[in-house]
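Reader: Please take me through one part of this structure closely, starting with its largest pocket. I am new to it, so explain each term as it comes up.

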Amino acid sequence: MNTPLKALDEMIRLTSPFPESVTVKDWKATGRKVIGWFNPYIPEEIIHAAGMLPFEVTGDNEPVQTQGAEAYIYSNSCSKIRTCWQMQLDGKYNFLDGYVSSSMCDQDKRLFSLWKYYKKLPYMEILYAPRKRDEEAVQLYLADLEDFRNRFSEYRLSRIPDRDIANSIKVYNRGRELMYELYELRKRDRPPVTGTETLEVTKAAARMPRERFNELMEQLLGEIQSTGREIKKARRLMVIGSDLHNANQMAALEALDAVVVVDEMDIGIRRAWGQVDTQLPPMEALARYYVLGRPVDKHNWISDGRLEFIGDMAEQYKVDGILSEDVRFCTYNGWDKFDLKKQMEKRGIPILQIDLEYGHLAGAQVKIRADAFLEMLESRAS
């Protein structure tokens with residue numbers, strides 16, 4: 001049975017239209033500030049503790065034509081960066097009071113530089129992005145987070161105290177716990193939600209006050225429990241690689257006889273993974289979580305742990321195959337393709353590698369390849 005989920009419908013309503021949604025308009029109407037953030041090394045907890053709304057800068061379900069952005073950024077640059085810059089040129093992000101990014105890649109830095117030069121906001125910050133997972137990286141990142149807190153405190157005209165950061169950590173920990181419960185439910189032979197629905201949940205987590213999101217997550221899990229919801233599809237898939245924000249891309253895949261039961265994306269499982277240690281001083285706890293507390297990502301210099309994590313999740317969720325989708329011109333994902341295929345072959349897990357334009361629907365060529373991949377999975381199962 002595929003009963004509608006009222007809590008999910010409410011999440012979508014509150015975060016629509018994108019990006020200046022019902023939630024954003026209500027928040028701004030009370031005189032409160034919205035701070036845009038970009039990439040997963042920005043602790044939302046610090047923005048939340050300052051009494052402002054953290055809002056992830058992304059594209060969404062509607063494709064964006066980026067000809068205007070390409071007057072500033074090469075057309076062979078990451079299409080996610082071009083999409084976000086085009087949206088700012090079009091005035092879609094005029095509601096932001098600030099923008100925080102990190103030096104995770106050259107493209108991120110390029111977007112920040114353009115934003116600061118042409119569309120400068122009252123508060124703008126770029127943070128250090130650790131490349132290693134060790135104690136030295138934790139200390140470097142912690143020092144930069146402390147500087148961020150100091151400068152952000154000056155912007156809001158009062159010090160952000162440890163107690164408020166500690167409270168925000170508890171709120172966000174609860175959100176991660178609830179999202180992880182949803183991921184655990186997807187291990188069932190017949191999962192209660194689709195990958196498309198889960199994607200809409202994880203997007204909402206970064207677009208609305210976390211307290212309200214947590215309430216709706218508790219309601220969502222209760223609905224799943226009471227309705228006995230099941231998704232009946234023949235093949236179980238895992239999606240890995242670049243972040244998807246266009247849920248129509250996932251829906252196109254699930255229109256076939258398949259359901260996405262797990263992913264390996266910053267917007268997905270990493271958003272639900274682990275807990276910030278509440279026994280440590282709050283700033284140190286944040287630094288340790290963001291450097292060490294989540295699965296290895298593609299930006300770490302030593303990415304072997306990432307490939308092992310992908311294989312482990314594929315086995316735990318009993319997937320029939322993996323779809324590796326990369327935003328075109330993302331060199332980080334490109335580096336891993338050979339080793340990724342090799343490691344998955346050792347585990348006997350088929351993998352389909354596809355390059356996509358960020359936010360655009362998969363074309364006929366991709367559909368043909370996906371159909372052929374599912375046919376191959378069906379033959380293996382037979």
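Author: Helices (H or I, at least four residues) and strands (E, at least two) are DSSP runs, numbered from the N terminus. The model is predicted, so local features need pLDDT of at least 70 and side-chain atom pairs count only at pLDDT 80 or more, while totals for chains, interfaces and linings use all residues. Residues are numbered from 1 along each chain as its sequence is written, and side-chain values use heavy atoms, with hydrogens and water left out.

The largest pocket holds about 470 Å³ of space. A pocket is an open set of points on a 1 Å grid over the protein atoms alone, with protein on both sides within 12 Å along at least five of seven lines; a cavity is a set where a 1.4 Å probe fits but cannot get out, and lining residues have an atom within 4 Å of a point. Points are joined across faces, edges and corners, and the volume is the space filled by probe spheres set on them. Of the 26 lining residues of the largest pocket, C78, C105, D108, H299 and C330 are closest to its centre. Helices α4 (79–89), α5 (106–118) and α14 (331–347) each give two or more residues to this lining, and α5 gives the most, with 3. By class, 12 lining residues are nonpolar, 6 polar and 8 charged; here Ala, Val, Leu, Ile, Met, Phe, Trp, Tyr, Cys and Pro count as nonpolar, Asp, Glu, Lys and Arg as charged, and the others, Gly among them, as polar.

The largest cavity can be set beside the pocket. There are 5 cavities of 30 Å³ or more, and the largest holds about 180 Å³. Its lining has 14 residues, with E44, R270, R271, Y290 and R294 nearest its centre. Helices α7 (162–185), α11 (269–272) and α12 (282–292) each give two or more residues to that lining, and α7 gives the most, with 3. By class, this lining has 7 nonpolar, no polar and 7 charged residues.

One of these helices, α12, is largely enclosed by the rest of the structure, because 8 of its 11 residues are buried (under 20% relative accessible area with a 1.4 Å probe, protein chains only; exposed is over 50%, partly exposed in between). Among the buried residues of α12 are M283, L286 and Y290. The buried residues of α12 pack against α3 (44–49), α6 (135–156), α7 and α11, where contact means heavy atoms within 4.5 Å.

Strand β7 (residues 321–327) is also mostly covered, with 7 of its 7 residues buried. On one side these are G321, L323, E325 and V327, and on the other I322, S324 and D326. Strand β7 pairs in the parallel sense with β5 (residues 235–241) over 5 bridges, and pairing needs at least two bridges found by DSSP. In the β5 pairing, G241 stands opposite E325. Strand β8 (residues 351–356) runs parallel to β7, joined by 6 bridges, and I351 in β8 is the bridge partner of I322.

I322 also appears in the largest nonpolar core, being one of the members of its 41 residues that touch the most others, along with F213, M217, L220, M238 and V319. Helix α9 (residues 210–227) gives the most to this core, with 6 residues. Such a core is a set of buried Ala, Val, Leu, Ile, Met, Phe, Trp, Tyr and Cys residues joined through side-chain atoms within 4.5 Å.
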